[in-house]
Amino acid sequence: MIKLVASDLDGTLLQNGSQELSPRAIRLISELIDRGVHFVSASGRQYDNQKRLFGDLSNKISFIAENGSMCIHDGELVSLTTIEKTLANRILEELKKQSNFEILVSTEKCCYLENNVPEFVNHIVNVLKNTTQVIDDVRNIQEPIIKIAICSMQDGSHIVDKYLQHLQSMFGNEIKVVTSGNIWIDFIAPGSNKGTALLQLMNLLHIQPDECLAFGDQYNDIEMLQAVGTSYAMSNAAPGISYYSNFVTNSVEDVLEELLLDI
C-alpha cells in the first residue's frame with residue numbers, strides 16, 4: 001500500500017510554466033492526506049516559495065527544497081546541507097565571467113541575486129514570489145550557501161547544455177551540476193539530492209521504499225525516482241529520465257486519481 005507520494009513541481013505537478021496548483025491537484029492531494037498518505041513537495045524551489053504555492057495545505061505536507069539541501073516536516077528542519085565556502089567562492093568567480101546567465105544564490109532564509117536584468121528580477125520576485133534580497137555582488141554573501149543556480153532567460157536550452165558541459169568539466173568532481181528545467185543549471189550541495197532527503201524523511205516516518213511513489217521530469221529527480229518502489233517520469237521529461245522510472249505519465253493528477261481508487 002502506498003503511504004507516501006513525492007512529486008517534483010515545475011514540469012511535473014506544474015505544467016506549461018504554471019505558477020499555481022490546479023483545483024484538481026489541490027483536491028486530490030487533500031484527499032490523499034485525509035486517507036493517511038503523506039505528500040511531499042520535492043523541488044529545486046526554496047522552502048518559502050513552496051509554502052506559498054501550497055497555501056492552506058502547507059501545514060499538512062512535507063517539503064524537500066533546494067533540490068534536497070533542505071528537508072522540512074511538520075515545520076521542523078529534518079536536514080540542511082551547505083556548500084563549502086571555498087568551493088562556493090570558486091564557483092561564483094567562474095560564473096561571474098559569463099554574461100548569458102543570471103545567478104541566484106540560496107541560503108536557508110532567502111535567495112540572493114543581482115539587479116542586472118530586470119526581467120530576471122521580476123521573474124524571481126513577482127512570478128516565482130521567492131523570498132529575495134537584491135544585492136550588488138553575490139560574491140559578498142556571508143551566510144552559508146545551500147544552492148547556487150544560474151538561469152538563461154533568452155538564449156534557450158542549446159546554450160544551457162553547452163555551458164553545463166563546461167561547468168561539469170570544471171566542478172563535476174567536487175559538486176553535482178545538473179539542469180533543473182530547460183533554462184536552469186543548479187549546483188547541488190555535496191551529499192544532498194532529492195533522493196537522500198526523501199530517504200531521511202522516509203526513515204523519520206518509518207515508511208519503506210516500496211510504500212512510496214514519486215514523480216519527476218529532470219536530471220535533479222533521478223535519485224528520488226530511484227529511491228522509491230513506484231516511480232513515474234513525465235512524458236515530456238528530459239531525455240533518458242524514463243530509464244530511471246517504472247512508468248511514464250502525461251499527468252500526475254491522473255495517477256493520483258487512480259491511486260485514490262485503490263486506497
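**Two cores, one helix face and a few buried glutamates**

I will begin with helix α8, where we find E253, and I should say at once that everything I describe comes from a predicted model. Is E253 buried or exposed? With a relative accessible area of 14%, E253 is buried, and, leaving out residues up to four places away in sequence, E253 touches S22, R24, A25 and L28.

Helix α8, which spans 252-262, also brings us to the largest nonpolar core, since α8 is one of the elements that each supply at least two residues of that core. The core has 32 residues, and the members that touch the most other members are V5, L13, I29, F54, F215 and L256. Besides α8, the elements supplying at least two residues each are the helices α1 (23-34) and α2 (47-54), together with the strands β3 (62-65), β4 (70-73), β12 (212-216) and β13 (230-234). As a general remark, nonpolar side chains in soluble globular proteins tend to be buried together.

Let me stay with F54 for a moment, and ask which residues F54 is in contact with, once neighbours within four places in sequence are set aside. These are L9, L13, L21, I29, F39, S41, I61 and F63, and two of them, L13 and I29, are named among the core members that touch the most others. Apart from this core lies another, of 27 residues, which includes A88, L92, V105 and F187.

That second core leads me to helix α3, residues 85-95, whose buried residues are L87, A88, I91, L92, E94 and L95. Why do I say that they line one face of the helix? Because, seen down the axis of α3, these buried residues fall within an arc of 160°. The general background is that an α-helix has 3.6 residues a turn, so residues three or four places apart point the same way. At the start of α3, a side-chain oxygen of E84 comes to within 3.0 Å of the backbone nitrogen of T86.

I turn next to strands β7 (residues 111-114) and β8 (residues 132-135), which run parallel and are joined by 4 bridges. In this pairing C111 of the model stands opposite T132 in β8, and β7, helix α4 (residues 118-127) and β8 together make a right-handed β-α-β unit.

Strand β7 contains a glutamate that I would like to point out, namely E114, which is buried, with a relative accessible area of 6%. Which side chains make polar contacts with that of E114? One is the side chain of K96, at 2.9 Å, and another is that of N116, also joined by a contact of 2.9 Å. Residues up to four places away in sequence not being counted, E114 touches K96, I103, V121, V134, I135, D136, D137 and V138.

Finally, two loop residues deserve mention for their backbone angles. K129 has its place in the loop between α4 and β8, and its phi is near 65°, a positive value in a residue other than glycine; K129 is partly exposed, with a relative accessible area of 47%. H206 is found in the loop between α6 (194-205) and β12, and the phi of H206 is near 60°, again positive in a residue other than glycine, while at 66% relative accessibility H206 counts as exposed.

Conventions. Residues numbered from 1 in each chain as written. Predicted model: local features only at pLDDT ≥ 70, side-chain atom pairs only at ≥ 80, totals over all residues. Heavy atoms only, no water. Core = buried A, V, L, I, M, F, W, Y, C linked by side-chain atoms within 4.5 Å. Buried < 20%, exposed > 50% of the residue type's maximum accessible area, 1.4 Å probe, protein only. Contact = heavy atoms within 4.5 Å. Arc of directions from axis to C-beta. Polar contact = N/O pair within 3.5 Å; in protein donor to acceptor, adjacent residues only side chain to side chain. Pairing = 2+ DSSP bridges. Right-handed = clockwise from strand over helix to strand, strands pointing away.
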